Amino acid sequence: MKRIHFRRRGWITIAVILAAAVTGSAGLAIANPTDDSGNAAACAQWDDVGTQGYQECLDNLAGTSGAAGFVAGGQASTSPSISATSLNAGGNPPFYFCRDKGRSATATTKPTKECKDTLVCLWQPDDGKYHCVDGKGTSVSPPGRICTTNPHFACADDVVIASLPAEAPSPTDSPTAASPGDGTPEQRTPASSASASSPSSTPTSATPTNSPTPTIAADDPVSQAVAAAQENKLRIWLESDLIGAWKAGPGSLKTAAEQLALYARQPGVVGVKFAYDLGLRGFSDADQINQFVTETSQALRAALPAGRRIAVDIVVPELGCGAHQACVTAMRKAYPQASLTAVERYVLSGDIDAVNVSAVFGNQYESFKIQPAAVINNVWLRLRQLSWETRMPGLDVGSREIGLAHSGDTRPRPVSCPTADPKADECDAKAAAQLVRERVDVPLRRGAKWVVLWTWEQTFDNQTWRLADRRQDTNGGHTNEVWKALRSRSLRVNITYNPSEPGAAVAEDVRTIAEVASAVFLFVPTSASAHNESLPSSSATPTR
């Protein structure tokens with residue numbers, strides 16, 4: 001096995017970690033979420049004691065089981081789940097394995113007491129992987145099936161880094177990520193396409209066909225949007241629905257992936273999102289969804305430049321129920337392919353690098369007397385407890401929100417703010433600020449890396465929907481109270497845009513988007529997806 005050559009501080013860091021593994025570390029203590037005192041401590045990290053949010057947090061933790069502190073590929077842990085201390089750390093925390101005889105191949109985020117043979121795995125930004133060393137500093141592979149199922153761990157003869165940077169913080173401190181939260185692509189080797197899911201026994205793809213090599217037209221609107229986003233210093237995601245391409249067969253999927261790769265080679269492109277609201281439409285069962293995710297991920301990773309990330313939009317309706325068990329049961333029955341169990345099969349597979357989570361609205365929760373704001377809060381409290389980013393290192397979890405868009409040329413005033421009221425403008429501003437707090441601030445506070453807002457302008461259900469008002473003149477006539485409220489959140493706000501359906505000129509649209517956003521999701525029609533443009537969830541209209 002190769003040895004990792006650390007600088008002096010690197011050896012001090014390893015010594016500190018391994019010493020902590022033997023003696024235990026109070027700084028990495030884990031609170032048991034099934035224990036009342038642990039619940040109180042965790043919730044106090046998220047909200048002030050005595051507030052409504054604090055009580056909702058207690059209710060959620062009391063009504064749900066803790067998430068096991070393990071890495072995909074190991075065995076389910078019986079130890080208490082990760083506490084708010086670990087969850088708040090962000091970034092890529094160190095992982096520990098105990099190789100003593102009789103121990104499971106489970107990674108934990110705290111040292112195992114009384115372990116004689118401890119491995120510690122540290123995230124290295126040089127290659128975007130965890131590298132594990134034993135007590136002698138020798139590079140070793142993580143135990144169990146992790147090497148075959150989790151591409152974010154360096155295994156066997158993977159190239160190891162020369163040293164830890166001198167300025168690297170001690171892994172026993174709260175680690176900080178190199179800007180993963182704002183959508184910036186991390187420098188890492190693309191994840192392996194290996195998946196823990198079993199493909200469907202019934203092939204869904206047609207016989208491969210020879211497809212023409214995709215090209216870009218000179219007047220292509222997507223290219224214009226990419227150029228405009230670069231000029232306005234926006235990070236760029238490409239998005240398309242590849243379900244149709246996948247069903248059409250490997251040849252069609254390969255062509256669609258290559259078409260996306262033409263744009264993905266441009267500077268500033270973060271990655272590609274290839275599905276909307278997985279589990280709500282288009283598949284016969286959960287196995288078929290897993291096969292789609294695995295095979296589409298393989299096609300994209302083969303076509304895209306190294307370092308580009310792969311994402312999907314997902315929904316998990318049961319998460320909006322909080323501790324209401326009757327609601328949880330009803331949502332699992334109504335949306336079996338979007339149950340938490342089904343979704344985690346591909347979210348934690350390593351096939352995707354980012355997910356945008358939508359909270360399902362409409363009238364789904366009305367019979368359970370759960371209001372939309374409570375649904376959002378429930379979803380993100382539960383996601384924080386599940387800690388997907390810790391269980392699948394390298395995964396980013398963002399929010400997708402369709403409820404801030406309005407139909408028509410201008411945003412209507414709330415019914416509580418009649419035009420005849422002399423304070424109608426003030427009332428409207430307060431209502432918009434509250435809406436943005438519920439739909440943007442809550443997910444961000446609960447751990448979302450970003451919030452993707454639908455949409456700059458999009459025709460849906462025979463109506464045109466937009467975030468800003470339709471531009472009436474050249475002097476800022478697009479502004480409304482929601483748009484004003486979003487300006488102060490621009491660092492972590494992303495906006496979807498269809499360059500083929502511009503509100504004005506593409507360059508002008510993108511320049512205006514840059515007023516409130518730090519990233520843009522550009523819809524790219526492919527031969528099998530042009531009919532299914534960036535639509536909101538089919539289970540709910542955007543009016544919520």
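**Exercise 1.** Determine the handedness of the disulfide between C121 and C132 in this predicted model, and state which elements of the fold the disulfide ties together.

*Solution.*
Step 1. Establish the bond: C121 is joined to C132 by a disulfide with an S to S distance of 1.9 Å. This lies within the 2.5 Å cut-off for a pair of cysteine sulfur atoms.
Step 2. Take the torsion about the S-S bond, which is about 100° for C121 and C132, so the disulfide is right-handed.
Step 3. Locate the two cysteines. C121 belongs to strand β2 (residues 118–124) and C132 to strand β3 (residues 129–133), so the pair ties together parts eleven residues apart in sequence.
Step 4. Assign the environment. Buried means under 20% relative accessible area. C121 has 0% relative accessibility and therefore counts as buried; C132, at 1%, likewise counts as buried.

**Exercise 2.** Characterise the disulfide of C321 and C327 by distance, handedness and burial.

*Solution.*
Step 1. The S to S distance between C321 and C327 is 2.0 Å.
Step 2. The torsion about their S-S bond is about -60°, so the disulfide of C321 and C327 is left-handed.
Step 3. Both cysteines, C321 and C327, are buried.

**Exercise 3.** For the disulfide of C417 and C427, find where each cysteine lies and classify each by accessibility.

*Solution.*
Step 1. The sulfur atoms of C417 and C427 are 1.9 Å apart and form a disulfide.
Step 2. The link of C417 and C427 has -65° about the S-S bond and is left-handed.
Step 3. C417 sits in the loop between β10 (406–407) and α14 (424–446), while C427 is in helix α14; the pair, ten residues apart, links distant parts of the chain.
Step 4. With 1% relative accessibility, C417 counts as buried. C427 has a relative accessible area of 23% and is therefore partly exposed, since that class begins where buried, under 20%, ends.

**Exercise 4.** Place these bonds in the context of the whole chain, considering its disulfides, secondary structure, burial, contacts and surface.

*Solution.*
Step 1. A search of the whole structure yields four disulfides.
Step 2. The chain contains 16 helices and 15 strands.
Step 3. Of the 544 residues in the chain, 56% are buried.
Step 4. Consider contacts between residues at least 6 apart in sequence: 77% of them join residues at least 24 apart.
Step 5. The accessible surface of the chain is about 22400 Å², and carbon and sulfur atoms account for 51% of that area.

Conventions:
Residues are numbered from 1 along each chain as its sequence is written. This is a predicted model: local features need pLDDT of at least 70, side-chain atom pairs count only at pLDDT 80 or more; totals for chains, interfaces and linings use all residues. Side-chain values use heavy atoms; hydrogens and water are left out. Helices (H or I, at least four residues) and strands (E, at least two) are DSSP runs, numbered from the N terminus. Buried means under 20% relative accessible area, exposed over 50%, partly exposed in between (1.4 Å probe, protein chains only). Contact means heavy atoms within 4.5 Å. Accessible areas come from the Shrake-Rupley method with a 1.4 Å probe; for residues, only the protein chains shown count as cover.
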